[in-house]
Each structure stands twice: as C-alpha cells, then as structure tokens.
Amino acid sequence: MNAICKKAFVTGGSGFIGSHVVDSLLARGAEVVVYDNFSTGRPEFMPSPSPPGLQVVRGEVLDLPAVQKAMAGCDFVFHFQANADVRSGKQKTRIDLEQNTLATWNVLEAMRINEVKRIAFASSAAVYGEPEVFPTPEQYAPLQTSLYGASKLAGEAMMQAYCEYFGMHCFIYRFVSWIGERYTHGIVFDVMKKLLADSTHLPLLGDGTQRKSYLYVKDGVAGVMLGIDRAVAQKNVYNLGHDDFIDVRQVVSIILDELKLREVKLEFAGGKRGWVGDSPLVHLDTSRIKALGWRPAISIEEGLRRTVRYLQQRPNLLRERV
C-alpha cells in the first residue's frame, strides 16, 4: 500500500505547487482528485495524456456541497488552494478571509462529513509577521502584520481544533517563497514581466535590501512528502525553506544575468518593505524537518535561474498578464 495514501484530494492541484504535489502522488501510485477553479491554475500543468488514476474536478472551494461530493472516497487531503497574492489584502479585505480561512473550514468540514482523517496544509512564513528571531523557529509567537498571514494562522488553528474534535491528523507546512518550473507569480515573474514591456528600465518595490529565503519547488514537495512519511504526532508543524537567503538586488542581478541584459536602469521605490505586511527578512529555522532527513538540494541561485529559463521558454505566461 502507498506510504501516504491510496486516493488523495488536492485543492489547487493545477497550480504552481499543487501540480508538483500531484506529480509526486501519482509517481507513488496513488489515485488523485484535483479540485480547482483554474483561476490561477492551468490545465497544461496537469499530466498529459491524463493517467487513469487522475480525476480533475473544476469547482469552487467555497462551495461546500461540491467539495464534499468531490472528496468522497478519498483518504488524504492536500489543501494547497489559497489566495496567493499577499499584497492584495489591503485593497480587498475579504479575499484572504474567504479564500484562505473560510475555504479551509469548508475543506475540514468536508473531511469530517466524508470521514477523511489526514490533511497536509500549505501555510506560510507570513504567519510570523515581522519576527525578531532568525532563523525563525516554529514555536515563535508572532504578531500579525498582514491579513494574509492572519488568515493562514487562523486556518492552522482551525485545523488543529478539528484534529482534536474529530481524531484527524494534520501536517502543516510554513513555506517561504517557492521557485521553479510552473512558477506564475512572485518576484521573478514580476521582474520578467516588466522587462518584457521595457528592457531598459526596471521599477522595483522597496529599497532592494529586503532579504528572503527561496525554495526550489521539487525540494519543497520532497519535504512535504517526507514529513508525512515520517512524522508521528497528531498535529505536525514544519517550516520549509532554504538555509540561505538573498536580497532583492541579488535576485534581480541573477535574473538580468540569465537574460543577458546589461544596460538596465534600476529604480527603487524606497523603504525597507516592498508593501504593507511585507517582512524585510524571511529566514526560517528548518531543523525540525531536517531531523526527519530532509535537506534542500538546489541552491537559491540555481533555482532562480531554472525559473527564469522556464519562463523564457513560455513567454505566453508573461504576455497574458502584461
């Protein structure tokens, strides 16, 4: 029998990270039900031709009856659907509540009704707000600085309560920014999109000193699966990030080098944050997941270069949102 599950339900399974989770599950021999509204996910991220063990359901995660119906017969949930635009919360104050917190409740309630007992959840380093301890450990008690972070932390708490009430097991992963193939949003995407419009001038948020840890997507998915394979607690929380971090100027330099652009004027908006709720430094303590045997194999620089090459080969992804 498969080490993780026989039949998995993956919300956001056609998205950047979710589609890699689907690939990993199929490679392990599991059947997979992808549940996605394709607002940001893409059909081409699904295996082609579609294998016999894959079912794709187009649906809204806020539609509880639809989620409940699609989940029937599954024994493990991977909840990777979310509002991925951290910056949008200030202008659209309901979006994180609906797409992150309420959506998570719907998934948990569908699990309760269908008697599904295990869930892996894509949380975020944003739950730490602006921490004062680096690298930041899982037990750090934060103050919230974004609606996105607050909504993810609320989802975690709700999940832990459902575990207590209904005998579920949860695997909560707090992610840094992920990079790699099928990447469709974030700094690399934004920079390349701007350069496609004007390759001589590049406006950038903040002052360029914001420092972030970036994780290559296949390393991250390997961490998710290892945690599920080896963790023994009922409620598990793991940071997933790289040992290293780099600043915005370094990220831009790598992108420009990979694109072979030499005469680009950088224009920084100023301030140590890119936007309200943006943490100037994201660097997580990953010793807990490392104790299970996980290590990132790809450097941040190599991950960034692979991301640039992927988008270079698929300019339609950039043009669609210019």
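In the predicted model, Arg305 is buried, with a relative accessible area of 13%, where buried denotes under 20% relative accessible area, exposed over 50% and partly exposed the range in between, as computed with a 1.4 Å probe on protein chains only. The model is a predicted one, in which local features require pLDDT of at least 70 and side-chain atom pairs count only at pLDDT 80 or more, whereas totals for chains, interfaces and linings use all residues. Residues are numbered from 1 along each chain as its sequence is written, and side-chain values use heavy atoms, with hydrogens and water left out.

Arg305 forms a salt bridge with Glu301, the closest N and O atoms being 3.1 Å apart; a salt bridge is taken as a side-chain nitrogen of Lys or Arg within 4 Å of a carboxyl oxygen of Asp or Glu. Both residues belong to helix H9 (residues 300–312), where they are four residues apart, about one turn of the helix; helices (H or I, at least four residues) and strands (E, at least two) are DSSP runs numbered from the N terminus. Glu301, at 40% relative accessibility, counts as partly exposed. The two residues belong to a network of salt bridges that links Asp257, Glu258, Arg262, Glu301, Glu302, Arg305, Arg306 and Arg309. Within this network, Glu258 is placed in helix H7 (residues 248–259) and counts as buried at 13% relative accessibility. When neighbours within four places in sequence are left aside, Glu258 is in contact (heavy atoms within 4.5 Å) with Arg305, Val308, Arg309 and Gln312. Arg306, also a member of the network, has its charged end over the ring of Tyr216, 5.0 Å from the ring centre, the criterion being NZ of Lys or CZ of Arg within 6 Å of the ring centre and within 35 degrees of the ring normal.

Across the whole structure, the search finds 19 salt bridges. One of them joins Arg87 to Asp190, with the closest N and O atoms 3.0 Å apart, and links distant parts of the chain, Arg87 being in the loop between strand S4 (76–79) and helix H3 (95–114) and Asp190 in helix H5, 103 residues apart. Arg87 counts as partly exposed at 35% relative accessibility, and the residue also lies over the face of Trp275, at 5.1 Å from the ring centre. A further salt bridge is formed by Arg174 and Glu156, whose closest N and O atoms are 2.7 Å apart; Arg174 in strand S6 (residues 169–175) and Glu156 in helix H4 are 18 residues apart, and both residues are buried.

Aromatic pairs were assigned to rings of Phe, Tyr and Trp (its six-membered ring) with centres within 6.5 Å, planes under 30 degrees apart counting as stacked, over 60 as edge-to-face and the rest as tilted. By this rule the count comes to eleven aromatic pairs. The ring centres of Phe16 and Tyr183 lie 5.7 Å apart with the planes at 80°, so this pair is edge-to-face. Phe16 in helix H1 (residues 16–27) is thereby paired with a residue 167 positions away, Tyr183 being in the loop between strand S7 (177–179) and helix H5 (187–197), and both Phe16 and Tyr183 are buried. Tyr128 and Tyr140 likewise form an edge-to-face pair, at 6.4 Å centre to centre and 65° between the planes, and both are buried. Ring pairs also link Phe76, Phe78, Phe80, Phe171, Phe175 and Trp178 into a cluster.
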